[in-house]
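Work through the following exercises with the coordinates open, and try each task before reading its solution.

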Amino acid sequence: MSQTILETAPLECPECAARLAITPTLAGEVLDCRGCGAELEVVSLTPLLVQLAPHAEEDWGE
Amino acid sequence: MTHIGMVYSRGRVEEKMLQEAAQRQGVQFTAVQDDTLILDLDPGALPFDAVLERSVSTTRGLYVLKFCGAHGIPAINRHAVAAACADKTETSLKLRRAGVPTPRTKVAFEQESALAALDQLGYPAVIKPTTGSWARMVARVDSRREAEQILEHRSELPNPVQQVYYLQEYVNKLGAAGEPTLHRDLRAFVVGDETIAAIWRNSPHWITNTARGGKASVCPVTPELHDLCQRAAAAVGGGVLALDLMETSAGLVCHEINHTMEFRNSVAPTGVDIPGKIIEYCVRQAKA
Ligand SMILES: Nc1ncnc2c1ncn2[C@@H]1O[C@H](COP(=O)(O)OP(=O)(O)O)[C@@H](O)[C@H]1O
Ligand SMILES: [Mg+2]
Ligand SMILES: [Zn+2]
């Protein structure tokens, strides 16, 4: 049953544990934590999981 | 019904806005993360009528576009266009050949030859990586001594492309009247044969990228600006493009063209539905 708890638990910032009130629509969605400003990335929509966003790679850009 | 596929890396504000624009327009829209893609020599991996390429990695984006080209899937932008924009050297060559005003630029491969090229250009000058974005490693050098330091550092970077030294005259950008301490350049958004919007990017620093804190303000699209933008966009093959321009006492010069543009800071000041215009363009380009 730990799975269920994981899926329904409120999402927390992995950096500062602030609650994240978000409903992402894209995997890979990028958001800023309102608590600590950390850049977070939604790594999965179901279950909803966030991680600290990766650092920019050399070839990233416009 | 037209089915647009967006290949993307990260769901930034722009990708969300594009998704929402497609929803608003009732366009069938599928977002595919490049992380999950398995491309194949035979068609099938991208079952769309058109592909909007939004990879944050230039390298990945170019490969995706190679497949679109090979499989006859209209892509925004076409591979040749993206390749011309991804490399500043190629962009500059194409702009020059099309007669579009662009800063004096030289390319060299060794520290010695780069210093000699900079002597020819004169100081101050700007050293840029030929590939790259967000003003990473864009440096102004005011003297030969500074140039030596920068080149010394660059020569130790592991990637051979980083030793392609793209060297440019430093352009004295005309600023806004009454704002002598602010630098500004101009970013224009081209979608097909329209110049849909333009902003000035204002900054206390000579590097004015909004990714570096430049603040956007609306710039009117005059017939002159539209004409120059259309010629610059055509020089690289056209499509959905963001043009970087500088105002000089001798008129506008174009120094860069971006093929997967960021626009989050430009919608509000211009009032132009940039994502909506991009989706409409994708639908127009789609296979019938
Ligand atoms: N030759 C130049 N003279 C003066 N300013 C420049 C010159 N080249 C670039 N800049 C400034 O630096 C910014 C970044 O340069 P750019 O060529 O657009 O590289 P990037 O791909 O990193 O955006 C420009 O928007 C402009 O403000
Ligand atoms: Mg630029
Ligand atoms: Zn936080």
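The exercises below concern a predicted model, and each one is followed by a worked solution.

**Exercise 1. The zinc site**

Task: Determine which residues coordinate the zinc ion (ligand 3), and which geometry its site has.

Solution. Begin with the donors: the zinc ion (ligand 3) is held by the SG atoms of A:Cys13, A:Cys16, A:Cys33 and A:Cys36, at 2.3 to 2.4 Å. Next, take the angles among the four donor atoms, which run from 102 to 115°. Four donors count as tetrahedral if all angles lie between 85 and 135 degrees, and the site of the zinc ion (ligand 3) is accordingly tetrahedral. For comparison, the ideal angle for four tetrahedral donors is 109.5 degrees. Then read the spacing of the donor residues along the sequence, which is C-x2-C-x16-C-x2-C. Finally, place one pair of donors in the fold: A:Cys16 belongs to the loop between α1 (2-8) and β1 (30-32) of chain A, whereas A:Cys36 belongs to the loop between β1 and β2 (39-44), so the pair ties together parts that are 20 residues apart in sequence. A:Cys16 is partly exposed, at 33% relative accessibility, and A:Cys36 is partly exposed as well, at 37%.

**Exercise 2. The interface between the chains**

Task: Describe the interface between chain A and chain B by its contacts and its buried area, and locate a salt bridge that joins the two chains.

Solution. Start from the contacts, in which 18 residues of chain A meet 26 residues of chain B. The area buried between chain A and chain B comes to about 1,800 Å², with carbon and sulfur atoms giving 40% of it. On the chain A side, A:Leu26, A:Trp60 and A:Glu62 lose the most area to chain B, and together they account for 45% of what that side buries. Turning to polar interactions, the count between the two chains is 18 residue pairs in polar contact, with both residues at pLDDT 80 or more, and three salt bridges are counted between chain A and chain B. One salt bridge is formed by A:Glu29 and B:Lys16, whose closest N and O atoms are 3.1 Å apart. A:Glu29 lies in the loop between α1 and β1 of chain A and B:Lys16 in helix α1 (residues 13-24) of chain B, so the pair joins two chains. Both A:Glu29 and B:Lys16 are buried.

**Exercise 3. Salt bridges of chain B**

Task: Find the salt-bridge partners of B:Glu15 and B:Glu14, and decide whether B:Arg264 and B:Glu14 are buried or exposed to some degree.

Solution. The side chain of B:Glu15 meets that of B:Arg12 in a salt bridge with an N to O distance of 3.0 Å, and both of these residues are buried. B:Glu14 is bridged to B:Arg264, at 2.9 Å from N to O. B:Arg264 sits in the loop between β13 (251-258) and α8 (267-270) of chain B and B:Glu14 in helix α1 of chain B, so this pair ties together parts that are 250 residues apart in sequence. Buried means under 20% relative accessible area; B:Glu14, at 0%, therefore counts as buried, whereas B:Arg264, at 37%, counts as partly exposed.

**Exercise 4. From the magnesium ion to a network**

Task: Identify the protein donors of the magnesium ion (ligand 2), and follow B:Asp244 into a network of salt bridges.

Solution. The magnesium ion (ligand 2) is coordinated by B:Asp244 (OD) and B:Glu256 (OE), at 2.0 to 2.1 Å. B:Asp244 lies in strand β12 (residues 240-248) and B:Glu256 in strand β13 of chain B, so the pair ties together parts that are twelve residues apart in sequence. B:Asp244 is buried at 2% relative accessibility, and B:Glu256 is buried at 10%. From B:Asp244 the path leads into a network of salt bridges that links A:Glu62, B:Asp185, B:Arg187, B:Arg201 and B:Asp244. Within this network, B:Arg201 belongs to strand β10 (residues 194-203) of chain B and is buried, with 3% relative accessibility. The side chain of B:Arg201 makes a polar contact of 2.8 Å with that of B:Asp185 and a polar contact of 3.3 Å with that of B:Asp244. Beyond its neighbours within four places in sequence, B:Arg201 is in contact with several residues, including B:His183, B:Thr208 and B:Lys215.

Notes: Residues numbered from 1 in each chain as written. Chains lettered and ligands numbered in written order. Predicted model: local features only at pLDDT ≥ 70, side-chain atom pairs only at ≥ 80, totals over all residues. Heavy atoms only, no water. Donors = N, O, S within 2.8 Å, 3.2 Å for Na, K, Ca; no water. Tetrahedral: all angles 85-135°; square planar, octahedral: opposite > 155°, others 65-115°. Helix = DSSP H or I, 4+ residues; strand = E, 2+ residues; numbered from the N terminus. Buried < 20%, exposed > 50% of the residue type's maximum accessible area, 1.4 Å probe, protein only. Contact = heavy atoms within 4.5 Å. Buried area = accessible area lost by both parts, 1.4 Å probe. Salt bridge = Lys/Arg side-chain N within 4 Å of Asp/Glu carboxyl O. Polar contact = N/O pair within 3.5 Å; in protein donor to acceptor, adjacent residues only side chain to side chain.
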